[in-house]
Amino acid sequence: MSATFAIAYYSTYEHVYKLAQAVKRGADRVPNVDAQLYQIPETLPQDVLDKMHAPPKPANVPQFTPDVLTKVDGTLFGIPTRFGMMPAQLKAFFDSTGGQWAQGALRGKLAGTFFSTNTQHGGQESTAYVTLPFFAHHGMTYVPFGSGHPAVTSTREVIGGGFWGAGTVAGGDDVRPSPLELEIAEAQGEQFARAIWAHKRGEQELALLEKARAQ
Ligand SMILES: Cc1cc2nc3c(=O)[nH]c(=O)nc-3n(C[C@H](O)[C@H](O)[C@H](O)COP(=O)(O)O)c2cc1C
């Protein structure tokens, strides 16, 4: 058996991209779980991105589509906060999944979140909350990170992330994500990959038991 794990992120200045890469490193520790990075499609015109001094997007990361979301066993969404909530790019993606909703195509699939804000209290938790109605309406199973790394409950260093998922406090310089924030993102990647595997295996065993009972 093998399972599939999408790491679907949106990133303007590459902080979330770097977290996404760390999530993949953690996921790759789990055998038979195939984790792939995907970019949530951009909605801003190039001239606006130029004014924002946004670097070019990585050419080797494919675009995330509703079809990919439907195909994979679970998805971790990497989300840079905008005014305490998700960016429009993510909402535009979510709003393109009406067909999946009508068919119940995402029911039972696993979903989780990780974040980036500029400041320590810039809204990572409120960004998590605003994703929950999407998961609820689709019947997806939200998998929080909990205290999946000891640093989540430590006060020794300013770090992004928490019980809702890994994160970075991006700030205005190039030192973030910090090594600890990357380590936490790896831990979330591994934890989510294990959850995907366990969920898929459990569903398969249940199907066999149901078949045996029906005979
Ligand atoms: C329009 C806009 C709104 C933003 N709102 C917030 C905010 O509410 N809180 C915050 O801490 N940072 C905010 N930021 C900063 C971004 O969250 C930060 O640049 C981003 O997380 C960096 O991730 P990236 O490098 O992957 O793009 C905002 C940025 C933009 C462009």
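1. Let's start at one particular residue: His53 sits in the loop between α2 (46-51) and α3 (66-71). Its phi is positive, about 55 degrees, even though His53 is not a glycine. Is His53 buried or exposed? A residue with 12 or fewer other C-beta atoms within 10 Å counts as exposed. His53 has 8 of them within 10 Å, so it is exposed. Please keep in mind as you read on that this is a predicted model.

2. Now compare Phe83, which lies in the loop between β3 and α4 (88-94). Phe83 is not a glycine either, and its phi is also positive, near 50 degrees. Phe83 has 10 C-beta neighbours inside 10 Å and so counts as exposed.

3. A third backbone detail is worth finding on your screen. The peptide bond that runs from Arg176 to Pro177 is cis, and its omega is near 0 degrees. To locate Pro177, look in the loop between β7 and α7.

4. Step back to the whole chain. How many helices and strands does the chain have? There are seven of each. Followed along the sequence, they come in the order β-α-β-α-α-β-α-α-β-α-β-β-β-α. The chain has a radius of gyration of 17 Å, close to the 17 Å given by the globule rule for 215 residues, so the chain is as compact as a globular protein of that length. Along the principal axes, the C-alpha atoms fill a box of roughly 65 × 40 × 30 Å.

5. Two percentages help to describe the packing. Of the 215 residues in the chain, 42% are buried. If you take contacts between residues at least 6 apart in sequence, 78% of them join residues at least 24 apart.

6. The helix α1 deserves a closer look. α1 has 13 residues and spans 19 Å from its first C-alpha to its last, close to the 18 Å expected at 1.5 Å a residue. Eleven of those 13 residues are buried, so α1 is largely enclosed by the rest of the structure. Among the buried ones are His15, Tyr17, Lys18, Val23 and Ala27. What covers them? The cover includes the strands β1 (3-9), β2 (33-39), β3 (74-80), β4 and β7 (165-169), along with the helix α7 (179-214).

7. Next, the ligand. Its surroundings consist of 19 residues, the closest being Tyr13, Pro80, Ser116, Thr117 and Gly122. Two elements, α1 (15-27) and β4 (110-117), each give two or more residues to this shell. The biggest share comes from α1, with three residues. By type, the shell holds six nonpolar, eleven polar and two charged residues. When you inspect α1, then, you are looking at a helix with eleven buried residues that also gives the most to the ligand shell.

8. Finally, the nonpolar interior. The largest nonpolar core contains 54 residues, and those with the most contacts inside it are Phe5, Ile7, Val23, Val33, Ala193 and Ile196. The element giving the most to this core is α7, with nine residues. Which residues does Ile196 touch, beyond its neighbours within four places in sequence? Ile196 is in contact with Ala3, Phe5, Val33, Asp73, Gly74 and Leu110. Two of these partners, Phe5 and Val33, also appear in the list of residues with the most contacts inside the core. Try selecting Ile196 and its contacts together: Ala3, Phe5 and Val33 are a good place to begin.

Note on methods
Residues numbered from 1 in each chain as written. Predicted model: local features only at pLDDT ≥ 70, side-chain atom pairs only at ≥ 80, totals over all residues. Helix = DSSP H or I, 4+ residues; strand = E, 2+ residues; numbered from the N terminus. Rg over C-alpha atoms; globule rule 2.2 N^0.38 Å. Buried ≥ 20, exposed ≤ 12 C-beta atoms within 10 Å, placed from the backbone. Contact = placed C-beta atoms within 7 Å. Near = placed C-beta within 6 Å. Nonpolar A, V, L, I, M, F, W, Y, C, P; charged D, E, K, R; others polar. Expected span 1.5 Å × (residues − 1). Core = buried A, V, L, I, M, F, W, Y, C linked by C-beta atoms within 7 Å.
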